[in-house]
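Biologist: Please take me through this structure one feature at a time. For each, I should like the general idea and then the case at hand.

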Amino acid sequence: MNTAYAVFLSETSKVRVVSMATDVETLKRNLVNIPCEVAVIDAELLAGLGADGMLSFLSTSLGQAVAIVLVPPAMGHLTGKLRELAGVRDAFVKPVNYSALVERIRDIAVTERAGRQKISSAEFAIQGGRSTFGVAGLRTFAFYSDKGGGGKTTLAINFWYRLNQSGIR
């Protein structure tokens with residue numbers, strides 16, 4: 001996780017590290033006591049629990065957080081079962097592209113915030129419900145139609161206007 005930690009520290013405009021754990025008890029305590037939107041959990045930390053114990057731990061210990069689980073290659077067969085757990089939003093077999101992981105964390109955070117508001121992530125962003133996250137990770141928007149007069153320019157200008165009203169550049 002040292003590589004992940006270094007990448008997360010270099011991406012402070014997108015993610016923040018709020019806690020780290022080096023053992024299962026600390027992880028469990030942190031998940032309950034330290035609020036976070038998306039927990040990134042290295043499954044190697046839970047390997048001593050065995051496959052069933054790991055699945056049980058993740059299904060009962062996440063609290064309000066949702067998680068991305070990083071799985072060692074020897075446990076890669078568990079990714080499907082991990083993704084089926086209510087609090088787990090994704091699972092990746094290591095080694096992981098950490099820049100892509102940061103983007104995935106960001107996308108999950110925006111989606112979760114929008115879900116709490118019961119609106120789409122794009123509308124959530126337009127309403128000003130976020131500060132540092134992009135609209136579902138997008139930075140470029142395209143409006144397309146095969147025919148002229150379909151309202152592409154009008155739609156694009158109104159969309160731009162609403163984003164600017166909300167402080168989104």
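Modeller: We begin with strand pairing: two strands count as paired if DSSP finds at least two bridges between them. Please keep in mind throughout that this is a predicted model.

Biologist: In what order do the strands of the sheet lie, and is the pairing parallel or antiparallel?

Modeller: In general, the strands of a sheet pair through backbone hydrogen bonds, and the pairing may be parallel or antiparallel. Here the sheet is open and has three strands, in the order E1-E2-E3, with parallel pairing. Strand E1 (38-42) and strand E3 (88-93) each have a single partner strand, so one side of each edge strand is left without a neighbour in the sheet. From one strand to the next, the twist averages 20°.

Biologist: How many bridges join E1 to E2, and how many join E2 to E3?

Modeller: Five bridges join E1 to E2, and five join E2, residues 66-71, to E3. To fix the register, one may take a residue from each pairing: Ala39 stands opposite Ala67 in E2, and Leu70 stands opposite Phe92 in E3.

Biologist: Which residues of E2 are buried on one side, and which on the other?

Modeller: The cut-off matters here: buried means under 20% relative accessible area. By that criterion, six of the six residues of E2 are buried. Val66, Ile68 and Leu70 lie on one side, with Ala67, Val69 and Val71 on the other, and both faces are covered.

Biologist: Which residues of the largest nonpolar core touch the most other members?

Modeller: In soluble globular proteins, nonpolar side chains tend to be buried together. In this model, the largest core has 20 residues, and Ile41, Met54, Leu58, Val69 and Leu82 touch the most other members. Helix H2 (24-33), helix H3 (50-60) and strands E1, E2 and E3 each supply at least two residues. H3 gives the largest share, four residues. Apart from this core lies another, of 15 residues, including Ala4, Val38, Val102 and Ile105.

Biologist: What does Val69 touch, if residues up to four places away in sequence are not counted?

Modeller: The contacts of Val69 include Ile41, Leu58 and Leu82, which are also listed among the core residues that touch the most other members. Val69 touches Ala43, Val88, Asp90, Ala91 and Phe92 as well.

Biologist: Let us turn to charged side chains. How many salt bridges does a search of the whole structure find?

Modeller: A salt bridge is read from a side-chain nitrogen of Lys or Arg within 4 Å of a carboxyl oxygen of Asp or Glu. The search finds six. In one of them, Lys94 meets Asp42 at 2.9 Å, N to O. Lys94 lies in the loop between E3 and H5 and Asp42 in strand E1, so the pair ties together parts 52 residues apart in sequence. Lys94 counts as buried at 16% relative accessibility, and Asp42 is buried at 12%. These two residues are linked with Glu44 in a network of salt bridges.

Biologist: Which residue forms a salt bridge with Arg104?

Modeller: The partner is Asp90, with the closest N and O atoms 2.8 Å apart. Arg104 lies in helix H5 and Asp90 in strand E3, so parts 14 residues apart in sequence are tied together. Arg104 is partly exposed, at 28%, whereas Asp90 counts as buried at 11%.

Biologist: Where do Glu103 and Arg106 lie?

Modeller: Both are in helix H5, three residues apart, or about one turn of the helix. Their side chains meet in a salt bridge of 3.4 Å, N to O. Glu103 is partly exposed, with a relative accessible area of 22%, while Arg106 is buried, at 3%.

Biologist: With which residues is Glu112 in contact, leaving aside its neighbours within four places in sequence?

Modeller: Glu112, in helix H5 (residues 98-117), is in contact with Val66 and Arg89. The side chains of Glu112 and Arg89 are joined by a polar contact of 2.6 Å.

Biologist: Finally, is the peptide bond between Lys94 and Pro95 cis or trans?

Modeller: Most peptide bonds are trans. The bond joining Lys94 and Pro95 is cis, with omega about 5°. Pro95 is placed in the loop between E3 and H5; Lys94 lies in that loop too.

Notes:
Residues are numbered from 1 along each chain as its sequence is written. This is a predicted model: local features need pLDDT of at least 70, side-chain atom pairs count only at pLDDT 80 or more; totals for chains, interfaces and linings use all residues. Side-chain values use heavy atoms; hydrogens and water are left out. Axes are lines fitted to C-alpha atoms, for helices over the stretch in contact, and angles run from 0 to 180 degrees between N-to-C directions. A nonpolar core is a set of buried Ala, Val, Leu, Ile, Met, Phe, Trp, Tyr and Cys residues joined through side-chain atoms within 4.5 Å. Buried means under 20% relative accessible area, exposed over 50%, partly exposed in between (1.4 Å probe, protein chains only). Contact means heavy atoms within 4.5 Å. A polar contact is a pair of N or O atoms within 3.5 Å; within protein, one must be able to donate a hydrogen and the other to accept it, and residues adjacent in sequence count only if both atoms are side-chain atoms.
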